[in-house]
Amino acid sequence: MRVNWVFCLAWCATIAVAAAGSAQVPDLTQLSIEELMQVEVVTASKKPQPIKEVPAAVYVMTAEDLQRAEAVTIPEVLRLIPGVHVGTIDANKWAVAVRGFNGRYSNKLLVLIDGRSVYTPFFSGTYWDAQPLLFLHDVERIEVVRGPGGTLWGANAVNGVINIITKPAKETQGLQVVSGGGSEEQAFGGLRVGGRLGENGYYRVYTLYRQRDDLWQDRANVRNHDRWQIQRSGFRADWKQGEEETFTLQGEVYDGRVSQRLRVADVTLPGYRLIDDRYTITGYYLMGTWNRQRGSVADTLRLSFEHTGRSPYELTEFRSTANVAWQRLSSAGQHEVLWGVEYKRTADRTQGRLMRVTPPSRTDRVFSVFVQDDITLNSSTRLTMGMKFENNSYTAWEVQPNVRLLWKPDEKSVWWGAISRAIRMPTRAERAIAIDAYYEGMMSGLPVISRIHGSPRFRSEEVTAYEVGFRSQPHPRVLLDISAFHNVYRHLRSFEPADPLVEASPVPHIVVPVYMSNKKYGRTYGLEVSARWNVTDNWTLNLGYANLTYRLQRSPDSKDPFKFHSDSTSNTPRHQFNLSSHLHLPQGWHLDAYLFFVDRLFGMDFLPSYYRLDVSIRWHFNRRSSLSVTMQNLLKRKIREFEPPLWERDSIPERAVYGRLSWQL
Amino acid sequence: MVAVLLSVACAQVYNETEVKAAFLYHFTSYVEYPASAFASPTSPFVVGILGKSAVFNALQEAVRGKTVKGRQVEVRQVSLGEQLRECHLLFIPEGETGNLPKVLAILGATPVLLVGESERFAAKGGVIGFFMEQNRVRFEVNLDSAKRAQLNISAKLLSLARIVKADRRS
């Protein structure tokens, strides 16, 4: 740890020295006009983006926002987006959700990178430890859709979709180096090279590395066992054939070592046993995309193959997924019709110690067809209607329709409303898992544990969402986006205890089986506001606020004790806001500050509300390169952000500093 | 490694405003005005910035102590009205784009190099419009607008520009 502080100090010193050495600003008028055309500028975001004419609650993080985000993991970037709740669990685990139901195994948010789903059908969530930060320079934008996206994206886009879109290879030419490190972020780095492929093609290849030590402490002030190290390499190549067709081929391979401390119920003690686990994560994917734009018809065909493997103590899982999707967008008159078909096959092989899956291997298939018509009713009104039919191995056909209306009374404001239905199909875990989750104490001289079981009768969770929104540009420098929602859920997951039974091995003990069922229902409602104010040409303020209320109930025949939830209803804050300030100072200096407020959470423990302040200072020492120092958690030395499932031991993020160099040739 | 980095730390990143101001200064030397454009051989070269814009300060800074076509340069903040016709170069910032039709009506055939930064500014009647491409400032030129304003633009400037045509008006 001391070494890292030295490293940080060295970093700061470097910046200071370099800054002193560049006191004089060259006069731009001395450059020739040709030279002037080569000068890269930092756009001071003079104008807010035009108001988006999208009938949904969408937030787009642009390349410009990403360029100044000094975050070094994807969840830390998502934290900056209004309406997204991110809780750090330990050095390699996060809980990420929008519109509620957050948890380590949160399952109502779909995450896509270049259209490829990176969530696992095992629990419908994302293994964030296998997704180290991409090259932020190579990301074009991150779109976050709050609310159901089932019609376009299919089952599991229940409460939202996160879409990470990388730049075409043409825009990432040349050599780019990123490297850095600090007190918690031990070391991270990356290298990207981009070039041309013949007359009509471009490529980039890249490699990324990151390492975090067990720096964090758990609740008992003991150093946790949660180090994380991963390397990831990949490429992207784009070709253009004629004026109409483009091909993209991309792929990645990764390999990592992850540590965690588990707390496992053990009847032989009896009690809980701590296990320091260290496991491997590996994977690769290859994806090809073909696009053709002919007249008013655009076709896209996408093929992908992916393999992932991870071997934590609780469950070893290997999975191969193949996907083929085709869609066509055509416009004629008032109609813009998008329709497509998709087929996905995913096969897994598991072997568990804490979790057991029966049968241990399984192949699932999902086939879907969707159509969406965007109708321009008149110059100010658009109606969108869509429907998705999806067939999956568990629940056969599911229908996910939506209707959206957009009204643009003038150039400066947009109103929209939507009604949609989405489902979350059963996960592999909900059908087939068994976990010895809790040690409940002694009864009649025998230890008692509860064992959570998946159930073959587990069905899809459903939501019907009612949304309205308003976007406006009340002043040329102010952009405002407000949305409100009311979600009605049916068949939500509940945990139903059954009659206890006695097992003889390894020592005689009592097991209380708890079956996953669908006996909860209810509603959530809330309000989300985001605003951007370009106070001056060099100063921008962003504000985000999200409010959420739960009203969940269990059916009369349910005996759910409300204690087995990893996506407990109380794991999303009722209020959260973030305020960020981006100041563009003379001579290439930038000062960015982020203030977050997250309301208290009630899980098994009570987590008090907190404020968190992060500050970054960045200096662009030449046209394309920068040095920065980022300080996290300036207000408090330690903030416990999220509570993991009972069998995991969490860490408490501490105040941290890291430096970063980004250098482009 | 740090030493290597320091050695390249000589160049600088600029903000868009500074770069655009420098472009405005450069444009003046590639544009030929009719003799009628200047009242006397000693009258200054007037650059007008419509409304409020950071370009005003950046340009004042950039042209300090410099001359254009052997004339002193005067940078003015101007508002809609007859005074626009006194300018030789008029810059319309993003926020004032809505006033372009009025500006065109006031200027008529007056020899004023009309420069703007909004989307498709040149196609909408301006002479030169800035746009951004890969974080660099680029510009497009509408030759019909230049002709109407009796301005001759040098071939060198045109070779660096993207040439656009005016929007067809029905």
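In which loop of chain A does A:Ser124 lie? In this predicted model, A:Ser124 is placed in the loop of chain A that runs between strand S7 (119–120) and strand S8 (125–126). The phi angle of A:Ser124 is near 70°, a positive value in a residue other than glycine, and with a relative accessibility of 2% the residue counts as buried. A positive phi also occurs in chain B, where that of B:Lys69 is near 55°; B:Lys69 belongs to the loop between S4 and S5 of chain B and, because its relative accessibility is 39%, counts as partly exposed. Most residues other than glycine have a negative phi, and most peptide bonds are trans.

Two cis peptide bonds may be described alongside these residues. The bond from A:Leu269 to A:Pro270 is cis, with omega near -15°, and A:Pro270 is found in the loop that separates strand S15 (245–266) from strand S16 (271–294) of chain A. The bond from A:Thr358 to A:Pro359 is likewise cis, with omega near -10°, and A:Pro359 sits in the loop between strand S20 (355–357) and strand S21 (361–378) of chain A.

The confidence of the prediction varies along chain A, which has an average pLDDT of 87, with 92% of its residues scoring at least 70. Among the elements of this chain, the lowest mean pLDDT, 48, belongs to helix H1 (residues 2–20), whereas the highest, 95, belongs to strand S17 (residues 297–310). Over residues 14–25 of chain A the pLDDT stays under 50, and the model has 21 contacts beyond four places in sequence for this stretch; over residues 43–49 of chain A the pLDDT also stays under 50, with 27 such contacts.

An open sheet of 5 strands in chain A has mixed pairing and follows the order S2-S9-S10-S5-S6. Its edge strands are strand S2 (57–62) and strand S6 (116–117) of chain A, each of which pairs on one side only. Within this order, strand S9 (residues 139–146) and strand S10 (residues 160–166) of chain A run antiparallel and are joined by 7 bridges, and A:Val144 stands opposite A:Ile162 in S10 of chain A.

In chain B, an open sheet of 8 strands, also with mixed pairing, has the order S4-S5-S3-S6-S7-S8-S9-S11. Strand S4 (67–68) and strand S11 (162–164) of chain B form the edges of this sheet, each pairing on one side only. Strand S3 (residues 45–50) and strand S5 (residues 71–78) of chain B pair in the parallel sense over 6 bridges, and B:Val46 is placed opposite B:Glu74 in S5 of chain B.

On the surface of chain A, a nonpolar patch with about 720 Å² of accessible area together is formed by A:Leu301, A:Leu303, A:Val324, A:Val341, A:Tyr343, A:Phe367, A:Phe389, A:Trp397 and A:Val399. Two or more residues of the patch come from each of S17, strand S19 (335–352) and strand S23 (396–410) of chain A. A:Leu303, which is placed in strand S17 of chain A, counts as partly exposed because its relative accessibility is 49%.

A buried position is provided by A:Gln576, which is found in strand S32 (residues 575–584) of chain A and has a relative accessibility of 12%. Leaving aside neighbours within four places in sequence, A:Gln576 is in contact with A:Gly83, A:Val84, A:His85, A:Gly544, A:Tyr545, A:Ala546, A:Phe597 and A:Val598. A:Gln576 and A:Phe597 are 21 residues apart along the chain, and their C-alpha atoms are separated by 5.4 Å.

Methods: Residues numbered from 1 in each chain as written. Chains lettered and ligands numbered in written order. Predicted model: local features only at pLDDT ≥ 70, side-chain atom pairs only at ≥ 80, totals over all residues. Heavy atoms only, no water. pLDDT = per-residue confidence, 0-100. Helix = DSSP H or I, 4+ residues; strand = E, 2+ residues; numbered from the N terminus. Contact = heavy atoms within 4.5 Å. Pairing = 2+ DSSP bridges. Patch = residues over 30% accessible without salt bridge, like charges linked within 9 Å, V, L, I, M, F, W, Y side chains within 5 Å. Areas by Shrake-Rupley, 256 points an atom, 1.4 Å probe, with all protein chains shown as cover. Salt bridge = Lys/Arg side-chain N within 4 Å of Asp/Glu carboxyl O. Buried < 20%, exposed > 50% of the residue type's maximum accessible area, 1.4 Å probe, protein only.
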